[in-house]
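Me: I'd love to walk through this structure with you, one question at a time. Shall we look at it together?

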Amino acid sequence: MKILVFGAGVLGCNLANNLFRAGKDVTLLARGAWAEKIRKNGLQIKNSISHCTKVSRIPVAAELLPEDTYDVIFVAVRYTQIKTILDALRASRAKTIIFVGNNVRASETAALLPEKNVLFAFTSAAGYRESNYVASVDLRKITIGPLRGAPSQEEPVQKIFAGTKYKVTYEPNMEDYLLCHAAFVLPAVFACYKTDGNLKKDDAYLHRLIDANIEGYRAIRNAGHEILPDADKEFEGAAYRKTCFRFFKLMCATALGKICASDHAMNAVDEMSALNRDMKAFFDVTGAKYPVWKTLEAECGSYLR
């Protein structure tokens, strides 16, 4: 099986590195000076916690050509860049396209590639790219699957990740999973922008983040979508609020929280702005009320546009 990872940011580099180290036939699509550095020095990934750097001599491609014979393409570009590569994906011989990362328009994205087998995935990796290496934390967890009602893709998914160190969670309803993820993570992004990336513990403010998250979940549920993961289904209960409060406090107090929340938010303002716009469009078209969300958004200054 020939695999292309299209996109050499934090997610793409970690994914390509993990597949390559497991012996998969994988190529990383990178461009410009970054591609030349990978060709010359190898793909260097520095663990932001242990500070250990690993180097992989992974094959690099500069573009995706119609004659390329990949079986699977992982698309690991930012949400705002997906439209710019659709023509290349349509022309590709690859039958399976897997979009990795944030997406609150999964059905619309899949509809733009009607001849392809389209899946979506979310990986537990975060960090930032320096001039010569990627600094990140990668938990090697991936949630992956098709849209609700599509034929099962569990067997080919397991084949792709067989022999890797990934903990794979197969999710047959990735559209709702990604909607819920955005409803959870965007309030945390608001906190990052309110503090210019310097997160602080403020119990009253953290409870407002949870209120905004609950507004989002309520809108998703009321629109007929499923709340995912299953652990979040009782999101209006006290136990859920207590768990979220503990999570947000850790996010504000630890190095891991800084890497996973503020570092990513501060380096992806355009993507977070687009996600917020599209999430609000979803709220509006479904008639949802989200006053806390709007208030937190207004406190972000010039970041969101």
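Me: Is strand β7 mostly covered or mostly open, and how many of its residues are buried?
Reply: Happy to help, and keep in mind that this is a predicted model. Strand β7 spans residues 96-100 and is mostly covered. Buried here means under 20% relative accessible area. The number of its residues that meet this is 5 of 5.

Me: Which residues point the other way from Thr96, Ile98 and Val100 in β7?
Reply: In a regular strand, side chains alternate between the two faces of the sheet. Here Thr96, Ile98 and Val100 share one direction, and all the residues on either side are buried. Pointing the other way are Ile97 and Phe99.

Me: Which residue of β7 is the bridge partner of Phe74?
Reply: Strand β6 (residues 72-75) pairs with β7 in the parallel sense over 4 bridges. Together with helix α3 (residues 86-91), these strands make a right-handed β-α-β unit. The β7 partner of Phe74 is Ile98.

Me: And in β8, which residue stands opposite Ile97?
Reply: β7 and strand β8 (residues 117-129) run parallel, joined by 5 bridges. Opposite Ile97 in β8 stands Val118.

Me: Turning to the second largest pocket, how many charged residues are in its lining?
Reply: That pocket has a volume of about 350 Å³, and 18 residues line it, with Asn17, Asn18, Arg21, Lys54 and Arg140 nearest its centre. α1 (10-21), β3 (43-47) and β9 (134-145) each supply at least two lining residues. By class, the lining has 4 nonpolar and 8 polar residues, and the charged ones number 6.

Technical notes
Residues are numbered from 1 along each chain as its sequence is written. This is a predicted model: local features need pLDDT of at least 70, side-chain atom pairs count only at pLDDT 80 or more; totals for chains, interfaces and linings use all residues. Side-chain values use heavy atoms; hydrogens and water are left out. Buried means under 20% relative accessible area, exposed over 50%, partly exposed in between (1.4 Å probe, protein chains only). Two strands pair if DSSP finds at least two bridges between them. A crossover is right-handed if, with the strands pointing away from the viewer, the path from the first strand over the helix to the second runs clockwise. On a 1 Å grid over the protein atoms alone, a cavity is a set of points where a 1.4 Å probe fits but cannot get out, and a pocket is an open set with protein on both sides within 12 Å along at least five of seven lines; lining residues have an atom within 4 Å of a point. Grid points are joined across faces, edges and corners, and a volume is the space filled by probe spheres set on the points. Ala, Val, Leu, Ile, Met, Phe, Trp, Tyr, Cys and Pro count as nonpolar, Asp, Glu, Lys and Arg as charged, and the others, Gly among them, as polar.
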